[in-house]
Amino acid sequence: MNESASEGPKRRPRYRGKNPRAFHEKYKEHRPDQYAADVAKVIAGGKTPAGTHRPIMVREIMDALSPKPGEIAVDCTLGYGGHARELLAAVQPGGRLIGIDADPIELPKTEVRLRSLGFPPESLVVKRANFAGLHRFLATEAPEGADMVLADLGLSSMQIDNPTRGFTFKEDGPLDMRMNPLKGLPASEFLSTLNHASLARILSENADEPFADAIALAILRSHQTTPLKTTKALADVVRSLCGRIPGGESAVEDTIRRVFQAIRIAVNDEFGAIDALMRAIPDCLKPGGRVAILTFHSGEDRRVKSALKDGYTSGIYSNIAQEVVRASFEERRSNPRSISAKLRYATRQ
Ligand SMILES: C[S@@+](CC[C@H](N)C(=O)[O-])C[C@H]1O[C@@H](n2cnc3c(N)ncnc32)[C@H](O)[C@@H]1O
């Protein structure tokens, strides 16, 4: 019988070799509920299954936020919902989790996953929004203030790994890089708005890129000749400079990673959003409320550290983390994405 007939057995997607390599080919990883054993093997190998995200420093965050039944928790970066599900469970009975994310593609899937856990429907509020506007949203949703606020900054693994989002240089895709593809300019068009000095500043300030000048020049020259519309095209421009980047192949890869990070931060105005969030948090917390922020690179951490320190000095916070908290050795070994994570926390006066 013809396998393509509708009642015929389903074939796995075709891919070369024994194991799927491309994001869209990893059909088992995209369905962890159906292929739990295969997904567990991927995790045991220190990888994040495609289409999912492994929450980082869950225990440390729960210790810092200390959620209790009946409380209101705000997760500003819902992502896959890993931290959110822990917080949602911990504030039961009677509590609420308010979850925000800018991403209109992943958010509906995360809401379905969280609602399927069976908590009372009114205990979960999900909103697609930029956390820069947290105070406006909370003014209607929780005018009495929140007991805790969490932000786990940056991108989720689903966003990074999916080549159609344009964040990765590991597979080719459109040069987009927007967390919310319904708003703003994709990276390919954003590049057309920049001159050499502004792109060099973005590379230097957003990713501490040591070769910012030369890379900015090469990117804009190439873009002016043939617009860079794909992630491969952008990565190839950086690769074309490899003779001038000391350190061999791995140094070139690191440079490409920094270039992608810097442009993505600018496309999404990530630093502007973090500054707005840090200004808003004190007004969003009840007295005694807790805040925990997870950062992944120095540009994020500098902002969070100075906002919490300034708040402590001026008496807004009664208690802040004296030292930054890092992922445990076990977590860093089992999930390399936790290696750069830094947790900072504080308590509202
Ligand atoms: C590292 S992931 C969060 C993962 C999540 N804690 C979990 O356990 O699955 C970061 C998320 O924050 C979202 N995000 C980043 N900046 C944002 C902003 N300014 N406003 C709203 N969401 C944002 C991203 O879309 C992404 O889904």
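## Sheet, helices and unusual backbone sites

Mentor: In this predicted model, the buried residues of helix H5 (residues 134–141) are Leu134, Phe137 and Leu138.

Trainee: How are they placed around the axis of H5?

Mentor: They cover an arc of only 95° around the axis, so they lie on the same side of H5. On the other side of H5, Arg136, Ala139 and Thr140 are exposed.

Trainee: And what do the buried residues of H5 pack against?

Mentor: Their packing partners are E3, E4 and helix H12 (270–284).

Trainee: Let us take E4, then. How many residues of strand E4 are buried?

Mentor: Seven of the seven residues of strand E4 (residues 146–152) are buried, so the strand is largely enclosed by the rest of the structure.

Trainee: Which strands does E4 pair with?

Mentor: E4 is joined to strand E1 (residues 72–75) by three bridges, and the two run parallel. E4 is also joined to strand E5 (residues 285–295), by six bridges and again in parallel.

Trainee: Which residues could I look at to find those pairings?

Mentor: For E1 and E4, aspartate 75 stands opposite leucine 150. For E4 and E5, valine 149 has valine 291 as its bridge partner.

Trainee: What is the order of the strands in the sheet?

Mentor: The order is E3-E2-E1-E4-E5-E7-E6, in an open sheet of seven strands with mixed pairing. Strand E3 (124–128) and strand E6 (317–320) stand at the edges, each with a single partner strand, so one side of each is left without a neighbour in the sheet. From one strand to the next, the twist averages 15°.

Trainee: What holds paired strands together in general?

Mentor: Strands of a sheet pair through backbone hydrogen bonds, either parallel or antiparallel.

Trainee: How many bridges are there between E1 and E2?

Mentor: There are four bridges between E1 and strand E2 (residues 96–101), which pair in the parallel sense. Within this pairing, valine 74 has isoleucine 98 in E2 as its bridge partner.

Trainee: Changing topic to helix packing: at what angle do H8 and H11 cross?

Mentor: The axes of helix H8 (residues 196–207) and helix H11 (residues 248–267) cross at roughly 100° and come within 8 Å. The two helices are therefore roughly perpendicular to each other.

Trainee: Which residues make that contact?

Mentor: On H8 they are Ile202, Leu203, Asn206 and Ala207. On H11 they are Arg258, Val259, Gln261, Ala262, Ile263, Ile265 and Ala266. By type, the residues of the contact divide into eight nonpolar, two polar and one charged.

Trainee: I should also like to go through the backbone. Where is there a cis peptide bond?

Mentor: The bond from glutamine 92 to proline 93 is cis, with omega near -5°. Proline 93 is placed in the loop between helix H3 (82–90) and E2.

Trainee: Why would one single that out?

Mentor: Most peptide bonds are trans, and most residues other than glycine have a negative phi, so departures from either pattern merit a remark.

Trainee: Which residues other than glycine have a positive phi here?

Mentor: Methionine 57 is one of them, with phi near 50°. Aspartate 269 is another, with a positive phi of about 45°.

Trainee: Where do they sit, and are they buried or exposed?

Mentor: Methionine 57 is in the loop between helix H1 (36–44) and helix H2 (58–65). Methionine 57 counts as buried because it has 23 C-beta neighbours inside 10 Å. Aspartate 269 lies in the loop between H11 and H12, and with 14 C-beta neighbours inside 10 Å it counts as partly exposed.

Trainee: What about proline 287, buried or exposed?

Mentor: Proline 287 is exposed, because 9 other C-beta atoms lie within 10 Å. This proline is found in strand E5.

Trainee: What does proline 287 touch?

Mentor: Proline 287 touches Arg348 and Gln349, not counting residues up to four places away in sequence. The C-alpha atoms of proline 287 and serine 318 are 9.8 Å apart, while the two residues are 31 residues apart in sequence.

Trainee: And proline 121, where is that found?

Mentor: Proline 121 is in the loop between helix H4 (107–115) and E3. With 8 C-beta neighbours inside 10 Å, proline 121 counts as exposed. Its C-alpha atom is separated by 24 Å from that of valine 58, which is 63 residues away along the chain.

How values were computed
Residues are numbered from 1 along each chain as its sequence is written. This is a predicted model: local features need pLDDT of at least 70, side-chain atom pairs count only at pLDDT 80 or more; totals for chains, interfaces and linings use all residues. A residue is buried if 20 or more other C-beta atoms lie within 10 Å of its own, exposed if 12 or fewer, and partly exposed in between; C-beta atoms are placed from the backbone. Two strands pair if DSSP finds at least two bridges between them. Axes are lines fitted to C-alpha atoms, for helices over the stretch in contact, and angles run from 0 to 180 degrees between N-to-C directions. Angles under 35 degrees count as roughly parallel, over 145 as roughly antiparallel, 65 to 115 as roughly perpendicular and the rest as oblique. Two residues are in contact if their C-beta atoms, placed from the backbone, lie within 7 Å. Ala, Val, Leu, Ile, Met, Phe, Trp, Tyr, Cys and Pro count as nonpolar, Asp, Glu, Lys and Arg as charged, and the others, Gly among them, as polar. The arc is that of the directions from the helix axis to the C-beta atoms.
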